Amino acid sequence: MPFADRLNNVETSAIRELFKLLGKPGIISFAGGFPDSAMFDVSGIQEAVNAALASEAGGALQYGATEGYNPLREQLASFMGTKGVAGLKPEDLIVTTGSQQALDLLGKTMIDPGDKVIVEGPTFLATIQCFRLYGADLVSAPVDADGVDTDRLEQLIAEHKPKFVYLIPTFGNPSGAMLSLARRKKVLELAVKYQTLIVEDDPYGDLYFGDAPPPSILSLSADVPGSRDFIAHCGSLSKVLSPGLRVGWMIAPAELLAKATMCKQFSDAHTSTFAQATAAQYLKAGRMPATLANVRKVYGERARAMGDALRRELGDAISFTQPQGGLFFWARLTGANGTVADGAELAKRAIEKNVAFVPGAPFYAKDPDHATLRLSFATADVAKIEEGVKRLGQAI
Ligand code: PMP
């Protein structure tokens, strides 16, 4: 078939191939990037569906505005208010079909073939592929336990003059890293100094296990004059409420929102009004604080169990920072005492032992570190985590 040339820029991911093996009976999976289905607040969502149909069936079942269903935009504006983003109006955000669509809209509105875009190394795989589909030439900025190295980021911005910089500052996927407060401020200063758009992708910011993370870059922009014009912030209900709802949002300067809305119109006309009305009712019913408390507690227990098990079963064959939120451990194989030092090789051996995880190399746009791996602690309970890590210890 005479497919478009842009498809030559992307390949189907190695991870997708691995996922085909996950149906194997008895396998314990640390591979997925999704929340645990057993955690969904089914009765709360059922009530929200009923309320949406009882009180606003016309809106919930009808075509809607591309920008989003207004009652939901109002709820999301006040939800962001609880997270330190003061004074947000419903028209300051658009609703997207998951935050994934916001990333696609950013690609569509901003990227011409050959444009430079700076991403973290490592970063979210679907973002790499999405931006490449639009022809982006990705530049990778290194990440440590405090998030992206902002000194290096400044050099890369000065050198490459990117269309924008894409960051997952809070509990990154896959890095689990949290950008420090000082670095968040530095990012805002860089945005103003180089007049560069910063995309803050934040699907995990609410999923913290101990102290709350530093405020989002968006909320800190209030303290750095002129910076707000350079921030696009993507949010999502996927990780805390339900990914199946496909409800995300983007807060950005008005000019960018207008262009993104135009592109969205030709893509899906609008995010499901039924899902939006359900989400609006859910937020309106005031259920979110209890839901957040529950996911923080359960995922926090699982993260602690996985950290303890990794230290016990893998010892110095692996190094990692204990994540304070999100869904992932990002680890590096050390090769100590002849243990496996390649993430893909260990993934293969692990499947033979009936445990799965994702090797880290595909998460790099450039210069992959083959010793890395990503382990999700979200979908297995504590007993399965302990058993799975034991098997990992045998595989290594
Ligand atoms: N950004 C990041 C960093 C993610 O990890 C994910 C989900 N894996 C998304 C965006 C997309 O999430 P959704 O479209 O479900 O909101």
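Two strands pair if DSSP finds at least two bridges between them. Helices (H or I, at least four residues) and strands (E, at least two) are DSSP runs, numbered from the N terminus.

This is a predicted model: local features need pLDDT of at least 70, side-chain atom pairs count only at pLDDT 80 or more, and totals for chains, interfaces and linings use all residues. Residue numbers start from 1 along each chain as its sequence is written.

**View 1. The open sheet has eight strands with mixed pairing.**
Read across, the order is β2-β9-β8-β7-β6-β3-β4-β5. Which strands form the edges? They are β2 (93–97) and β5 (147–148). Each of these two pairs on one side only.

**View 2. Strands β3 and β4 run parallel.**
β3 covers residues 116–121 and β4 covers residues 137–144. Six bridges link the two strands. Within this pairing, Val119 has Ser140 of β4 as its bridge partner. At its other pairing, β4 meets β5 in the antiparallel sense, over two bridges. A hairpin of two residues makes the β4 to β5 connection. Val143 stands opposite Val148 in β5.

**View 3. Helix α5 buries six named residues.**
They are Leu125, Thr127, Ile128, Cys130, Phe131 and Arg132. Here a residue is buried if 20 or more other C-beta atoms lie within 10 Å of its own, exposed if 12 or fewer, and partly exposed in between; C-beta atoms are placed from the backbone. Gly135 follows α5. The phi of Gly135 is positive, near 90°. On the other side of the helix in sequence, the loop between β3 and α5 holds Pro122. The peptide bond from Gly121 to Pro122 is cis, and its omega is near 10°.

**View 4. Strand β8 is covered on both faces.**
Six of the six residues of β8 are buried. Ile231, His233 and Gly235 lie on one side. Ala232, Cys234 and Ser236 lie on the other. In a regular strand the side chains alternate between the two faces of the sheet.
β8 (residues 231–236) has a parallel pairing with β7 (residues 197–201), over four bridges. Asp201 stands opposite Cys234 of β8. With β9, β8 runs antiparallel, and four bridges join the two. In that pair, His233 faces Ile251 of β9 as its opposite residue.

**View 5. Thirteen residues surround the ligand.**
Which residues are the closest? Gly98, Gln100, Asn173, Ser236 and Ser238 are. A residue counts as near if its C-beta atom, placed from the backbone, lies within 6 Å of the molecule. Helix α4 (residues 98–110) gives the most to this shell, with three residues. Ser236 also belongs to the buried set of β8. Asn173 is joined to Pro174 by a cis peptide bond, with omega about 15°. Pro174 sits in the loop between β6 (164–167) and α7 (181–193).

**View 6. Arg246 and Ala269 have positive phi without being glycine: first Arg246, then Ala269.**
The phi of Arg246 is about 55°. Arg246 is found in the loop between β8 and β9 (247–251). Is Arg246 buried or exposed? Arg246 counts as buried because 22 C-beta neighbours lie inside 10 Å.
For Ala269, phi is near 65°. Ala269 is found in the loop between α9 (254–267) and α10 (273–284). Ala269 counts as exposed because 11 C-beta neighbours lie inside 10 Å.

**View 7. Domain 1 and domain 2 meet through 33 residues of domain 1 and 31 of domain 2.**
Contact means that C-beta atoms, placed from the backbone, lie within 7 Å. Domain 1 is made of 5–41 + 290–395, and domain 2 spans 55–286. These bounds come from an automatic or database domain assignment. Over C-alpha atoms, the domain centres are 25 Å apart. On the side of domain 1 that touches domain 2, α11 (288–314) and β11 (328–333) each supply at least two residues. How many residues does α11 give to this side? α11 gives the most, with seven residues.

Methods. Contact = placed C-beta atoms within 7 Å.
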